[in-house]
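Please open the structure in your viewer and keep the sequence panel beside it. The tour below moves from one selection to the next and says what is there.

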Amino acid sequence: MFTTTLIRVLTMLAFAFPGFLFIKTKAIKPEAIPAFAKVLVYVCSPSLALYSFSRATYTPELNKLMLICFGAALFLTLAFLVVFRILLKKHREDPRWRVFAVATGLGNVGFFGMPLLEQLL
């Protein structure tokens, strides 16, 4: 399982490298980055998720495991949000601390979620 995930992550890094190279060589202007981000968020990410789900062979056991994973992820996300809201209560008026609390509770795990989703399904 670790080797498969490692290979998937390295593959994603290989896909990200041309973008890094284009930015460093100024082949892509900084003004174009928001447009690329919108394409990734609104087109590529949902398409990849649908593709992964379409390849799965659904069984009652898989459905049960997916429901358990969803429930655990939902519970942990809500728990982190509540804990950090309580811990940062005294800084509630400062917008930077509110952003910090939400960013801590809602990590950017989509990048690693795709290889894990691919392996799971």
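**First stop: the contact of H3 with H4**

Select Thr-77, Phe-80, Leu-81 and Phe-84 in H3, and then add Ala-101, Val-102, Thr-104 and Gly-105 in H4, the residues that they meet; contact here means heavy atoms within 4.5 Å. Colour this selection by residue class, and the contact of H3 with H4 divides into five nonpolar residues, three polar and no charged, where Ala, Val, Leu, Ile, Met, Phe, Trp, Tyr, Cys and Pro count as nonpolar, Asp, Glu, Lys and Arg as charged, and the others, Gly among them, as polar.

Before going further, note that this is a predicted model, in which local features need pLDDT of at least 70 and side-chain atom pairs count only at pLDDT 80 or more, whereas totals for chains, interfaces and linings use all residues. Residues are numbered from 1 along each chain as its sequence is written, and side-chain values use heavy atoms, with hydrogens and water left out.

**The two helices**

Now show helix H3 (residues 60-87) and helix H4 (residues 95-105) as ribbons: their axes come within 8 Å and cross at roughly 155 degrees, the axes being lines fitted to C-alpha atoms, for helices over the stretch in contact, with angles from 0 to 180 degrees between N-to-C directions. That crossing angle makes H3 roughly antiparallel to H4, a term for angles over 145 degrees. H3 passes H4 in a right-handed crossing, meaning that the near helix is turned clockwise from the far one by less than a right angle.

Within H4, select Thr-104, which counts as partly exposed because its relative accessibility is 28%; partly exposed lies between buried, under 20% relative accessible area, and exposed, over 50%, with a 1.4 Å probe and protein chains only. A C-alpha to C-alpha distance drawn from Thr-104 to Leu-81 reads 7.7 Å, although the two are 23 residues apart in sequence.

Move to Val-82, found in helix H3, which is partly exposed with a relative accessible area of 48%. Val-82 and Val-102 are 20 residues apart in sequence and 9.6 Å apart in space, C-alpha to C-alpha.

**The loops**

Select Lys-89 in the loop between H3 and H4, where at 53% relative accessibility Lys-89 counts as exposed. The C-alpha atoms of Lys-89 and Ala-101 are separated by 9.7 Å, with their positions 12 residues apart along the chain.

Then go to Lys-26, in the loop between helix H1 (2-24) and helix H2 (33-54). Which residue property is there to look for in the backbone of Lys-26? Lys-26 has a positive phi of about 60 degrees although it is not a glycine, and at 69% relative accessibility Lys-26 counts as exposed.

**The whole protein**

Finally, zoom out to the protein, which has five helices and zero strands, helices being DSSP runs (H or I) of at least four residues and strands (E) of at least two, numbered from the N terminus. Of its 121 residues, 12% count as buried. Residues 24 or more positions apart account for 66% of the contacts in the protein with a separation of 6 or more.

Notes:
Parallel < 35°, antiparallel > 145°, perpendicular 65-115°, else oblique.
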